[in-house]
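Open the model in your viewer and keep the selection panel at hand. The stops below go through charged pairs and then a piece of the surface.

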Amino acid sequence: MPLPVFSLMLVVFGLTTGEFVIAGILPGVAHDLSVSIPAAGLLVSAYAVGMIVGGPVVTLLTARLPRRSLIAMLVGTSVVANTASALAPTYPVLLAARLAAGLVVATFFAVAIATAVSGAPPGREASTVARLTLGMNLGIIAGTPIGTAVGQHLGWRATFAAIAVFTLAALLPVLRSVPAGPAPDVGSLLGELRVFTRRDVLLAIALTAAGNLGVVTVFSFLAPLATDVSGFSDGAVPVLLLVYGTGAVAGNVLGGWLADRALMPSLTGLLAVLVGVLTIGWPASGHRASAAVLWFVLGVLAFAVVPGMQTRVVAAARAAPTLAVAVNAASFQLAAAFAGWLGGRLIDGPGPRSIYPAAAALTVVGLLVALHSLRRDRALTPAIED
């Protein structure tokens, strides 16, 4: 793996751990700061709001900065925010620190992807993105459990401090390996925003939101699905998360390989398979053995689509790829927020098992977007005369 991609992957690992680890240390935070669990849960929402708002806004405000300087500023802000989280004396201060930490994440991911793709060999863009997003996989299946263990033994403040130290350490090889380069040649604010008048860009962003909505809804409610539907004990939930994460790592590599060879055909095929797997989730989830296999396969498919979707956005928005990828990340967060709301309504209504067919139906929307994009690509490809 090239050094710039590897070093950027390490930063992605740190940022992803910082995003998801709050779930494991939430009770300790609530107890120490004398707030309820639901109130502490707003720390997750604050981070998501930061990503949603910060994605387009921070990217636009920093568009003229040289790439290496921008990366240093974004990661430095994350380090300061995580340090502030570790030192926060009150709940409102911690809430503000989590919001600040989320503000720079979408822009960093966008800059990292644009940097990785710009240095990738022709035809290897998607697999390069897959190497970068491997940091996300590892952050979920390794960073989050490790951060939780640190919090349980040394206190939740130590978790945020460790994330700050690791992310700062990961930044150093990034600064050495990413070329300094001049400031990018960007146009006016209106010119940057004009990229969203292109139908292919809007379709690519819609594909990310709609294509991920179903599987994110399922993942958000893994615990009740595992215990109330599949009959697992509470203690088995971390094991199932590991099963899902292992599938995600495999899917990430597979998705990059497929997308390099046939981007839209592979995305369309993967989404079609995902619809089928979610559909059989209703009967398969009733037995522990088949449910465990189901979670592994869902992990594979959920992350197999990621490299292709990110590459599609970059390719469609060549005039402003960083802004488009940042907005794409924000749209994913909006989809995740909707998934949390929808899953809660389903659990309160027909029950948790109904999440599977609902997720399949939602993924059909993403499949239709992919099919439309595929037909559009073929219609725009000039016919080759014999």
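A residue is called buried under 20% relative accessible area, exposed over 50%, and partly exposed in between. The model on screen is predicted.

**Stop 1: arginine 376 and aspartate 200**

Select arginine 376, which has a relative accessible area of 23% and is therefore partly exposed. Add aspartate 200, whose side chain meets that of arginine 376 in a salt bridge, 2.6 Å from N to O. Widen the selection to the helices: arginine 376 sits in α17 (residues 355-380) and aspartate 200 in α10 (residues 199-220), so the link spans distant parts of the chain, 176 residues apart. Is aspartate 200 buried or partly exposed? With a relative accessibility of 16%, aspartate 200 falls in the buried class.

**Stop 2: arginine 312 and aspartate 377**

Stay on helix α17 and pick aspartate 377. Its side chain forms a salt bridge with arginine 312, at 2.8 Å from N to O. Arginine 312 belongs to helix α15 (residues 288-316), so this pair ties together parts 65 residues apart in sequence. Color both residues by accessibility: arginine 312 is buried at 12%, while aspartate 377 is partly exposed at 22%.

**Stop 3: arginine 124 and aspartate 260**

Next, select arginine 124 and aspartate 260, where a salt bridge joins the two side chains at 3.9 Å from N to O. A salt bridge is counted within 4 Å. Arginine 124 is in the loop between α6 (105-118) and α7 (125-154), and aspartate 260 is in helix α12 (residues 237-261); the two are 136 residues apart and connect distant parts of the chain. Which burial class does each partner fall in? Arginine 124 is partly exposed, with a relative accessible area of 37%, and aspartate 260 is buried, with 17%.

The three pairs visited so far are among the four salt bridges in the structure. Side chains of opposite charge can pair when their charged atoms come close.

**Stop 4: the nonpolar patch**

Switch to a surface representation and select Val49, Val53, Val57, Leu61 and Leu99, which make a nonpolar surface patch of about 420 Å². Which helix supplies the largest share of the patch? Helix α3 (residues 37-61) does, with four residues. Finish on leucine 99, located in helix α5 (residues 91-103). Leucine 99 has a relative accessibility of 33%, so it counts as partly exposed.

Terms used:
Residues numbered from 1 in each chain as written. Predicted model: local features only at pLDDT ≥ 70, side-chain atom pairs only at ≥ 80, totals over all residues. Heavy atoms only, no water. Buried < 20%, exposed > 50% of the residue type's maximum accessible area, 1.4 Å probe, protein only. Patch = residues over 30% accessible without salt bridge, like charges linked within 9 Å, V, L, I, M, F, W, Y side chains within 5 Å. Areas by Shrake-Rupley, 256 points an atom, 1.4 Å probe, with all protein chains shown as cover.
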